[in-house]
Every structure is written in structure tokens, then in C-alpha cells.
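Here is a report on one chain. It goes from the overall fold to single residues.

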Amino acid sequence: MTNNNPDNARYRSDFSVRRYFSVSSLVGILIAAIVFVYFYRTAMMQDLVDAGEQEHIAITRALVNNLWPDFAPFIDQASVLSTDELAKHEITRQTYLKAQNNVLGLPILKIKFFDLNAKTVFSTDQAEIGERKPPDYPGSVSAKTGKIITKITQRDTFSAIQGELTDRRIASSYLPLVDSHDNTVRGVFEVYYDVTEGYAKMEHSLLLAFFGISITLSILYLILFFVSKKADDLIKRQSTDLKDYLAKIEEQNQLLEDRVKERTEELNTIVNELEKHKLHLEDLVSERTRELTKAKNDAVKANETKSIFLANMSHELRTPLNAILGYSEIMREDHMDNEQISQDLGKIYVAGNHLLSVIDDILDISKIESGKMETYFEHVNVSEIVTEVVNSIAKLTQAANNKIAVNIVSEPESFITDSTKFRQILYNLINNANKFTKDGNITVSVTHSSYGTEPWLKIVVSDTGIGMEPGQLDKIFRSFSQADSSTTRKFGGTGLGLAISKGLCELLGGIISVESSTGVGSSFIVRLPANRLVKVQQHVAEVLEIGPKVDPAQVRFGQEGEDVLKRREKITTILAIDDDAEVRDLMERFLSRKGFYAHTAASADEGIELAKKVRPDIIITDIMMPIKDGITFIKEVKTIPEIAKTPIIVLTIAGERETCMSLGVSSYLNKPVDWNVLLDFIRQACRRVYAAHQKASA
């Protein structure tokens, strides 16, 4: 391979340091000599000027002191006189004679006076009297600046007091003439000196300096020449060595190129093989992606099928359970006098409730795992809910001979959460503590604290039960899992309570943890944010706490002597809508027993027509109905003026709480119906109806 790099030209054998050094050194010596002579001459000229000023300044000032005082009063007049008048004036003649006497024996050639307009008002050379100088004349500059100025010039001829001089170097000094009274410049005094001899000495000294520097630079040139000769020989030897080295590099470079070419061919072969393998992998990935997509679609479809199955099964199970629980409750009331039958019906009721709780747990865990659990945030009173849950589980704790204590240390000023989910978490934890504790104590502690700038609620449910080993703590929050299999056999349960509690805590933005020791007991700690960053849902229909708490049963039977028609006007009329005939029968029997007028309808359209006809005080409706569902029914009711303000209570298993509350329903209750809770909701609505009647009749 040929190397055409121009940088290698420096290593050619014909390169000569001496040749380039000779030319560049001679040019450098000439330039250095010229520069030196220029600066040396300038310095000598300045020294000559300074020496002239120092030598003659005293003489010049003496002349000024002798001539100026007599001429000073005349200078203003002299400025306006003509040249002839000025030359023939007596003061001019006297000044000339005095000047001649003063310069005898001195190296002074000529004396002049100028006014401020650069006019020559006196000169020892009569021919120059009356001349005007240009504005840049040194005398004019001296008059403006007030400084002494000295110039040296070459004169071929010069008219001096001593006569005509030829070929002279003349130094001229300009002194400002200052008035002693007001310290102002009145004119300029110019005096000329002969510096030819000093200038000749300077030229001689300059010539000697030039020759001296030339000899010095020549000696330096010779020294450097011999050094460059040695360097040239060394460079030539190195150039030869470098040629050999470059030849070896060229050989190695050619060998490297051959190897690179060979390696490139090998790499191209490998790349082709990799490309084929890549295409094969892409085919495999595409096939696998299709399989995974199909598996995902199948899983989604299976999950949807599972959700539909759970919803259908929940509906199918809850519907007969609703009848079982309802009829058993009614039959218990009818057979209160027969203890055996009442006990048997009570067992049926307890078993039905247990089956209902299992169904609820399975449905809840399914919703949590699928992410379909709905939340409804509102302002919650912690103390009321804790007390309510503790009271609802009191019978179970008494059955286990456990004592339950509530210790509310502090609670946040505002607590926003889903009350139903919050209540369920508390119930599950207290029920769990009661199940694994016999003849012991259960404590519910409530405090609040701040984490950063956000307030948090902390609830601790502690028990003195059997406790758990450290290895068992990781299992308890898993679905369908307890500490060990013996626990399930001994204490029962599906193992979903704690898993549901954990899922609900996370759904509400909180966490749950546990501390436990075998034989000592367990403590479950729940931490929930006090103020979720969500808009608190509020429904239109508010429960009015006005008017007396009317007992509908008492109103129905009335007081002695009361007119029947007036009594009937006070009785609350309730319309119940459900597509299940058993539910309608249960609802009618229950409401009638509690002292209400009960009407039932099997569909939404039938309910609309009946509502327009009987104008009910309260409407109770299901959500899941054929043809037209409960949501559509509620929306349609709100558009009919005569029944738009009627309170609506929803009974359903559909899980549409948030939607229903946003439509303005008064209350929401899950099936199977808790008849006592339903009765409380009806009584609250009764107070609203009573208040409305009172207001209308006022």
C-alpha cells in the first residue's frame, strides 16, 4: 500500500535544516538589526531632547524674565498692528536690542514671541514678524496645554542672530507665557538652539551600536549554523531510520488488512447465520405470542365467565336464602309461644345467615381480586361505627365467654372513607379475634397520628387467644388459608375473613399488619388515611331528623275513640317492587305486621302505574328485574312530578350502591334483607313523610 500522507514530506532525505536556517536566520538578523536601530535611535532622540531641555531651560527662563515683562503690556496691541507697524515699533526695536545683548556668548540662534492666535509679534529675524502659524503649530499646542514642547528638525539654511547658518540640526522650545496677576496664558516664547554637534554624536553612537549588534548577531548566527548542521545530520540519520520503520509499518499494515478482510468474511458468515436464527426466533416468538394472546383471551373470558357465574350463583342463592330467612323470621314471631318450634326456626335462621356470610365472603374476595369492588366515600363517625360493630357481635362474644373493651384514645376531626368497607374490616377482625379466644379479653383501640402532613387513623384489635408462631404469619392473609389445617378443623371458617380485610384496607388506601405470640394472643393493626383525596359522594335525599318518632303500628291501631278515616290518613303507604313472588309475599306480610299499608308490583312498569295511582309515601325496589331494571325505574320516577320526591329504598344484590346514591335514593340495603335494618330505614323515611304532612297542613 502506498503512503500518500503529505505530513511524511518532513522525513524526505532532501530536507535540509541548514538551508532553511540560513534563509530564515539572515532575514531574522536583518529584521532584528532594523528594529534595534529604530528603537535605539528613538531613545537617543528623546535623550537628546531631554538633555537639550535640561541644558537650556534655565537660560530660556532667564531670557523670558528679561524680555517678557517689558513686552507683555504691548502684546495685545501688537496682535492688531500690521506687519510694518509692528516691525518699526519702538518696543519691538528695544526688545531686539535687549535680545541681542542677552544672547551674546550663548548657544541661542533665534527668539520669538507668539500671541494666542499664533501670530509672530516679535522675532530676532525681522522677516518673520507678523507671520501666522497653523492651529497645529507646536506653539499653539503649548498655549492650549500650558506645557513646554521641544522639537528637533534638520535645516538646510537657518537665519540666526549670528547670521545665516547651513546644514544644521535645530532644537526649538516653546514656553507658555503666563500673566503673574491672573495666572492666564498670554502668549508663547520660542527659542532655537543649535544641536548639530550633539546630533552628530548621537549618529556616531547609533552607527557603533548598529555595528555592535550586527557583529553580535553574526556570531550568534555562526553558532546556530553549526548547531543546525549537527541537527541536519541527525535528522537525516533519523529520516533514514524512519523510512525503514515506515516500511515495516506498511508491511504490518498490509498484513493487518489481510487479516481484517479474512475476519470480516468470517463475521459476515456469522451475521448471516444470526440473521437466519433471528428470523427463526421471530417466528417462534410470533407463534408464542399468538399462543399467549389466545391464553390471555381465554383467561379473560374465563374470568368474565367466573364473574357472571358468581353473580348468577349469588343471585340464585340469595333469592331462596331471602325466602328462608324471611319466612323463618315470620314463623318465629307466629310461634313465640312454642319454645321447641321457635328454637328450630332460630337454628334455621342462624344456618341461613352463616350460609349467607359464606356467599358474601366468596363474592367479596372475587370482586377484590378482579378489581371490581366499588367504593363509596363519605364522612364517617368512627366512634359510632366501632360501637355499632361491637354491639352487633356482642352475642357471639358472650357465647365464647369473652370480654370486649373499646378504648377510643383519639380520632381525627374529619374521617372520610367507605363506611360499609370500614365496618366490614372491623367486623372481620373482631369476629376473628373472638373465634380464636375463649374466656379471654378482646380490646379495640382507636388513635390517630400524622404521617408527614396527612392524618391517619390507627385501629388495633387485640386478643388473648391462642396466638400464632412466626412462620404462620405469612399465611393468614391468603385466600382460603388459615395458620394450619388443624385450625380449620377445630375452629371452622373459610379462611377468607382476613384476606378480605387486607384487600379492603388496600382498597381504602391503608395497610394491615399483625403481631402475634403463641399462647399470648394476637394484635391486628389497621392504618387508614383520614382524608382520601377523592370527592365525597353525596346523594340528594337527606334523612330529616325532624318531627316526632312515629310508631307506625301504634298509629295504625290508633287511640280509643279516634276517627278511622283520620287514622288512615296518618298510616304510611309503602310500594314494594320485585320480580320474585316470594319476596313480594314476604314484603307484604312483613310490612303489614309492622303497621303499614303495603302494595306490591312485579315489574318496573307496573310499579310506575301503581305509584301514580296510590301515591305511596315510600317506595322499595329491587335493581335486577327483567325488561326494565331498577336503575331505569328510579330515573323514570324522578321525572314524574307527583311522585318525584317519594323516598326510595333499594334492596338488591347487584352492587350498584354508588350509582343508586347518585340518583338520590334514601337508603341502600343488600339482599337477603336484614328486616331490622330495613325497619330502621322505613322509620327514618316515616319521619320525613310525617314532617312533610305537617308542613303541608300548616
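## Loop and helix 16 region

Helices here are DSSP runs of at least four residues, and strands are runs of at least two, numbered from the N terminus. By that count, Met-625 sits in the loop between strand 15 (618–621) and helix 17 (630–637). The model is a predicted one. Is Met-625 buried or exposed? Met-625 is buried, because its relative accessible area is 10%, and buried means under 20%. Beyond its neighbours within four places in sequence, Met-625 contacts Ile-577, Asp-578, Asp-579, Ala-604 and Gly-630. Ser-603 is 22 residues from Met-625 in sequence, yet the C-alpha atoms are 6.9 Å apart.

Ser-603 also appears at the start of helix 16. There, a side-chain oxygen of Ser-603 comes within 3.3 Å of the backbone nitrogen of Glu-606. Helix 16 spans residues 604–614, and its buried residues are Ala-604, Gly-607, Ile-608, Leu-610 and Ala-611. An α-helix has 3.6 residues a turn, so residues three or four places apart point the same way. What do the buried residues of helix 16 pack against? Their partners are strand 13 (573–577), strand 14 (597–601) and helix 17. Just after helix 16, Arg-615 adopts a positive phi of about 50°.

## The chain as a whole

The chain has 698 residues, and 39% of them count as buried. It holds 19 helices and 17 strands. Among contacts with a separation of 6 or more, 69% join residues 24 or more positions apart. About 40100 Å² of the chain is exposed, and carbon and sulfur atoms supply 55% of that area.

## Helix 10 against helix 12

Helix 10 (residues 419–435) and helix 12 (residues 497–507) form a left-handed crossing. Their axes come within 9 Å and cross at roughly 150°. From helix 10, the contact uses Lys-421, Gln-424, Ile-425, Asn-428, Leu-429 and Asn-432. From helix 12, it uses Gly-497, Leu-498, Ile-500, Ser-501, Leu-504 and Cys-505. By class, that makes six nonpolar, five polar and one charged residues.

Past helix 10, Asp-439 lies in the loop leading to strand 9 (441–451). Its phi is near 55°, a positive value in a residue other than glycine. Asp-439 is exposed, with a relative accessible area of 57%.

## Around strands 1 and 2

Ala-118 lies in the loop between strand 1 (108–114) and strand 2. Ala-118 has a positive phi of about 65°, although it is not a glycine. Ala-118 is buried, at 6% relative accessible area.

Asp-125 is placed in the loop between strand 2 (120–123) and helix 5 (138–145). Asp-125 counts as buried because its relative accessibility is 15%. Which residues does Asp-125 touch, leaving out those up to four places away in sequence? They are Lys-110 and Ser-159. With Ser-159, the Asp-125 side chain makes a polar contact, side chain to side chain, at 3.5 Å.

## Helix 1

Tyr-38 lies in helix 1 (residues 17–71). Tyr-38 is exposed, with a relative accessible area of 55%. Tyr-38 and Leu-206 are 168 residues apart in sequence, and their C-alpha atoms are 9.6 Å apart in space.

Definitions and conventions:
Residues are numbered from 1 along each chain as its sequence is written. This is a predicted model: local features need pLDDT of at least 70, side-chain atom pairs count only at pLDDT 80 or more; totals for chains, interfaces and linings use all residues. Side-chain values use heavy atoms; hydrogens and water are left out. Axes are lines fitted to C-alpha atoms, for helices over the stretch in contact, and angles run from 0 to 180 degrees between N-to-C directions. A crossing is left-handed if the near helix is turned anticlockwise from the far one by less than a right angle, and right-handed if clockwise. Contact means heavy atoms within 4.5 Å. Ala, Val, Leu, Ile, Met, Phe, Trp, Tyr, Cys and Pro count as nonpolar, Asp, Glu, Lys and Arg as charged, and the others, Gly among them, as polar. Buried means under 20% relative accessible area, exposed over 50%, partly exposed in between (1.4 Å probe, protein chains only). A polar contact is a pair of N or O atoms within 3.5 Å; within protein, one must be able to donate a hydrogen and the other to accept it, and residues adjacent in sequence count only if both atoms are side-chain atoms. Accessible areas come from the Shrake-Rupley method with a 1.4 Å probe; for residues, only the protein chains shown count as cover.
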